[in-house]
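Thanks for making time this morning. I would like to walk you through one model, and I will put the sequence and the structure up now so that you can follow along.

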Amino acid sequence: MTHRLLHAALASAAASVLLTGCARWIELMPPAGAPQELTARSIADDDRVPLVMEAFHVVQNGAAQNPSVELERRILNRVQETRLFSSLVPFGAARPGGDKAVAARIAIEETVDPRAGEAAWKGFIIGASMFLLSPAIELDYDYAARTTLELERWDGAVKRYEARSTGTAHYNLFGATPIVLDELRGQVTEACLTDLMDQLVRDTGFYVASGTPLPDGAIRTVTVKARKPAPAPGVLPVSSVPSP
């Protein structure tokens with residue numbers, strides 16, 4: 001009977017650790033600067049020009065990385081949501097015909113706390129070896145990004161936009177998985193893109209094909225706008241228990 005009770009107690013303790021030790025949450029600091037009122041402007045279809053992805057660079061902790069197709073698609077999707085450009089040409093694709101197009105160059109500088117991953121692994125080992133003695137070891141993973149968007153108009157004029165954001169993923173014992181960093185990176189990237197798109201839309205007049213005021217005639221138009229900013233900064237819960 002004693003062995004059965006001990007086995008039951010250990011099983012209960014293990015379940016408790018798994019349920020409480022996998023909690024994780026993200027604390028996000030959005031781009032600096034006072035929030036500004038969103039803008040929207042209608043422009044004629046004929047005034048929209050193609051956007052061509054000309055260069056895409058990603059650097060992490062000073063080392064060059066290969067940009068992922070998913071990240072490029074995410075950026076282009078956000079640009080497409082503004083409806084500022086007539087079409088979007090991904091990196092390496094054929095440039096569309098016509099004299100007028102805007103070339104885009106994107107650079108992302110990522111900073112990941114190099115000690116966080118090591119701490120996560122050590123925490124996992126400690127938790128595995130001291131299963132019942134360390135059920136709630138809390139770990140942190142810091143991530144910061146500076147995203148630069150440079151757009152060159154067909155006449156050589158250049159506009160440059162920049163956004164920065166940082167965040168920290170907090171997690172306990174068995175929450176130390178690659179998903180944690182992916183979730184954190186996604187939140188920080190979204191904050192940067194929201195800021196960049198808002199800056200871009202404010203310069204709508206710079207990218208229209210005609211350099212003259214819009215006519216008053218009945219011409220088909222589209223509304224250029226940025227996505228509504230995310231809620232105020234704070235703690236963003238991600239998940240509290242592992243997936244079955």
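Let me begin with a question: which residue lies over the face of F206, at 4.1 Å from the ring centre? Please keep in mind, while you look for it, that this is a predicted model. The residue is R153, which sits over the face of the F206 ring with 4.1 Å to the ring centre. K159 also lies over the face of F206, in this case at 5.1 Å from the ring centre.

That ring belongs to a wider aromatic arrangement, since F85, F206 and Y207 form one aromatic cluster. The structure holds two aromatic pairs. One of them joins F85 and Y207 edge-to-face, with 5.8 Å from centre to centre and 65 degrees between the planes. F85 is in the loop between α2 and β5, whereas Y207 is in helix α5, so this pair ties together parts of the chain that are 122 residues apart in sequence. Another pair is made by F206 and Y207, again edge-to-face, where the centres are 5.0 Å apart and the planes stand at 85 degrees to each other. As for exposure, F85 and Y207 are both buried, and F206 is buried as well.

From there I would like to move to E152, which lies in strand β7, a strand that covers residues 138-152. Is E152 buried, exposed or partly exposed? It counts as partly exposed, because its relative accessible area is 28%, and the partly exposed class lies between the 20% and 50% limits. If we leave out residues up to four places away in sequence, E152 touches A101, V102, A103, R105, A157 and V158. With one of these, R105, the contact is also polar, as the side chains of E152 and R105 are joined at 2.9 Å. For A103, we can look at the backbone too: the C-alpha atoms of E152 and A103 are separated by 5.1 Å, although the two residues are 49 residues apart along the chain.

Next come two residues in helices, and I will take R78 before T189. R78 is placed in helix α2, which runs over residues 69-82. You might ask why R78, an arginine, counts as buried here, and the answer is its relative accessibility of 4%, because buried means under 20%. Its side chain makes a polar contact of 3.3 Å with the side chain of E81.

T189 has its place in helix α4, which takes in residues 178-202. This threonine counts as buried too, because its relative accessibility is 13%. Which residues does T189 contact, once neighbours within four places in sequence are set aside? They are L71 and R74.

Finally, let me step back to the protein chain as a whole, which has five helices and ten strands. Of its 244 residues, 37% are buried. The chain exposes about 14000 Å², and carbon and sulfur atoms supply 57% of that area. If we take the contacts between residues at least 6 apart in sequence, 84% of them join residues at least 24 apart, and the contact between E152 and A103, which are 49 residues apart along the chain, is one case that you can look up on the screen. I am happy to go back to any of these places in the model.

Definitions and conventions: Residues numbered from 1 in each chain as written. Predicted model: local features only at pLDDT ≥ 70, side-chain atom pairs only at ≥ 80, totals over all residues. Heavy atoms only, no water. Helix = DSSP H or I, 4+ residues; strand = E, 2+ residues; numbered from the N terminus. Buried < 20%, exposed > 50% of the residue type's maximum accessible area, 1.4 Å probe, protein only. Contact = heavy atoms within 4.5 Å. Polar contact = N/O pair within 3.5 Å; in protein donor to acceptor, adjacent residues only side chain to side chain. Areas by Shrake-Rupley, 256 points an atom, 1.4 Å probe, with all protein chains shown as cover. Phe/Tyr/Trp six-rings, centres within 6.5 Å; stacked < 30°, edge-to-face > 60°. Lys NZ or Arg CZ within 6 Å of the ring centre and 35° of its normal.
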